[in-house]
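Me: I am new to this structure and would like to understand the words people use for it. Could you take me through them one at a time?

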Amino acid sequence: MIAPRVEEPAPGTFITFEGGEGAGKSTQIARLAATLRSRSGREVCVTREPGGSPRAEEIRAALLGGVAKPYGPFAEALLFSAARIDHLDRLIRPALRRGEIVLCDRFIDSTRAYQGAAAGLDPAVVIALERVVVGPTRPDLTLILDLPPEAGLARAAGRGAGTGQGADRFEAESLDFHARLRDAFLAIARAEPERCAVIDAGRDPDSVEVAIRALVAARLSGLLPTERSRGDAA
Ligand code: Z5A
């Protein structure tokens with residue numbers, strides 16, 4: 001008889017960033033990574049979904065190009081899951097096993113919000129996919145950057161202006177779709193308050209950064225020692 005595989009708890013720390021378009025996730029991940037690199041004394045791995053491994057990046061290009069859209073949200077969720085399987089196996093789990101801090105731009109909550117709540121995929125299917133694809137590799141902390149969709153879409157459009165790049169598959173959805181997304185992320189935070197924290201992303205980038213640092217310090221003890229406590233320890 002084959003014994004079930006027992007996953008040892010990994011020593012790393014897994015933090016995910018979620019939210020609607022243009023909420024400032026990439027901006028804040030870069031800032032938090034720099035802070036953690038200088039203050040935690042640990043390796044920091046920055047990654048994103050869909051993507052993060054060469055194969056998953058190929059799937060990303062297809063998804064954001066709209067290749068799977070005609071097949072509906074279930075097919076899209078399967079493709080996001082295929083990308084996630086490779087990303088977890090090749091990058092996230094090895095980094096966590098090495099004790100690194102993994103900062104990931106979007107993860108399971110984006111599937112719940114985009115394919116589930118906003119596009120109408122049955123929540124039972126989303127949960128089943130999570131169970132088989134992600135298993136026990138759950139985030140230690142999920143930071144949900146909250147912003148009215150009009151503001152986020154305007155930021156995303158501003159970033160693309162002059163680059164010749166139009167809206168991608170998801171940016172091109174209706175305002176109503178983006179409003180459902182926002183509600184979905186806030187509902188996830190209410191349902192799992194021990195894992196999730198909501199950050200008001202409508203403020204200037206420095207204020208958002210300060211709020212994120214405070215949350216990380218409060219929720220994940222020892223990750224961000226203050227200058228004072230580091231000096232004391234030395
Ligand atoms: N998706 C899905 O449907 N299902 C899934 O399971 C997963 C994903 C995992 C990935 O696209 C798409 O895949 C995504 C969901 C879907 N939908 N879309 N589109 P992506 O990775 O290309 O896009 P994104 O995740 O939405 O990120 P983004 O649009 O790049 O936004 P962001 O990273 O949150 O924001 P940013 O790039 O840091 O900032 C956007 C602009 O605003 C930029 O010009 C900044 O300089 C500016 N900015 C940032 N912060 C501020 C503040 N505080 N004030 C003013 N301006 C700011």
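**Reading the fold**

Reply: Gladly! Among the contacts in the chain with a separation of 6 or more, 79% are between residues 24 or more positions apart. Please keep in mind that this is a predicted model. The chain has nine helices and five strands, and from the N terminus on, its elements run β-α-β-α-α-β-α-α-β-α-α-β-α-α. Of its 234 residues, 47% count as buried.

Me: Why is R93 called buried?

Reply: Buried means under 20% relative accessible area. The value for R93 is 13%, so R93 is buried. This arginine lies in helix α3, residues 73-97. Leaving aside neighbours within four places in sequence, R93 is in contact with L88, V133, V134 and T137.

Me: Why does I85 count as partly exposed?

Reply: The label partly exposed covers what falls between buried, under 20%, and exposed, over 50%. I85 has 40% relative accessibility, so it counts as partly exposed. I85 is also in helix α3. Its C-alpha atom is separated by 8.6 Å from that of A56, 29 residues apart along the chain.

Me: What makes Y114 and F170 an edge-to-face aromatic pair?

Reply: Two conditions decide it. Ring centres must lie within 6.5 Å, and planes over 60 degrees apart count as edge-to-face. For Y114 and F170 the centres are 5.4 Å apart and the planes meet at 85°, so both conditions hold. Y114 lies in helix α4 (residues 108-118) and F170 in the loop between α6 (149-160) and α7 (175-191), so the pair ties together parts that are 56 residues apart in sequence. Y114 and F170 are both buried. The count of aromatic pairs comes to four, and ring pairs link F80, Y114, F170 and F177 into a cluster.

Me: What makes R84 a residue that lies over the face of F107?

Reply: For an arginine, CZ has to be within 6 Å of the ring centre and within 35 degrees of the ring normal. R84 is at 5.2 Å from the ring centre of F107 and lies over its face.

Me: How do you know that α4 is largely enclosed by the rest of the structure?

Reply: Ten of the eleven residues of α4 are buried, so the helix is largely enclosed. Among them are I108, D109, R112, Y114 and A118. The buried residues of α4 pack against β1, α3, α5 (123-133), β4 and α7.

Me: How do you know that the buried residues of α8 line one face of the helix?

Reply: Start with which residues they are: V208, E209, A211, I212, L215 and V216. Seen down the axis of α8, they fall within an arc of 165°, so they line one face. On the other side, V210 and A218 are exposed. What covers the buried residues includes β1 (13-19), α1 (25-39), β4 (141-146) and β5 (196-200).

Me: What makes the reach of α8 close to the one expected?

Reply: Helix α8, residues 205-219, has 15 residues and reaches 21 Å from its first C-alpha to its last. At 1.5 Å a residue, 21 Å is also expected, hence the agreement. At the N-terminal end, D204 caps α8, with a side-chain oxygen 3.1 Å from the backbone nitrogen of D206.

Me: What makes the phi of R106 worth pointing out?

Reply: Most residues other than glycine have a negative phi, and most peptide bonds are trans. Phi of R106 is near 75°, a positive value in a residue other than glycine. R106 sits in the loop between β3 (101-105) and α4, and it is buried, with a relative accessible area of 12%. As for peptide bonds, the one from E49 to P50 is cis, with omega near -10°. P50 is found in the loop between β2 (44-48) and α2 (54-64).

Me: Why is the link between R138 and E130 called a polar contact?

Reply: A polar contact needs a pair of N or O atoms within 3.5 Å. The side chains of R138 and E130 are joined at 2.8 Å, so the distance fits. R138 is found in the loop between α5 and β4 and is partly exposed, at 33% relative accessible area. Leaving aside neighbours within four places in sequence, its contacts include F14, I108 and R112.

Terms used:
Residues are numbered from 1 along each chain as its sequence is written. This is a predicted model: local features need pLDDT of at least 70, side-chain atom pairs count only at pLDDT 80 or more; totals for chains, interfaces and linings use all residues. Side-chain values use heavy atoms; hydrogens and water are left out. Rings of Phe, Tyr and Trp (its six-membered ring) pair if their centres lie within 6.5 Å; planes under 30 degrees apart count as stacked, over 60 as edge-to-face and the rest as tilted. Helices (H or I, at least four residues) and strands (E, at least two) are DSSP runs, numbered from the N terminus. Buried means under 20% relative accessible area, exposed over 50%, partly exposed in between (1.4 Å probe, protein chains only). The arc is that of the directions from the helix axis to the C-beta atoms. Contact means heavy atoms within 4.5 Å. A polar contact is a pair of N or O atoms within 3.5 Å; within protein, one must be able to donate a hydrogen and the other to accept it, and residues adjacent in sequence count only if both atoms are side-chain atoms.
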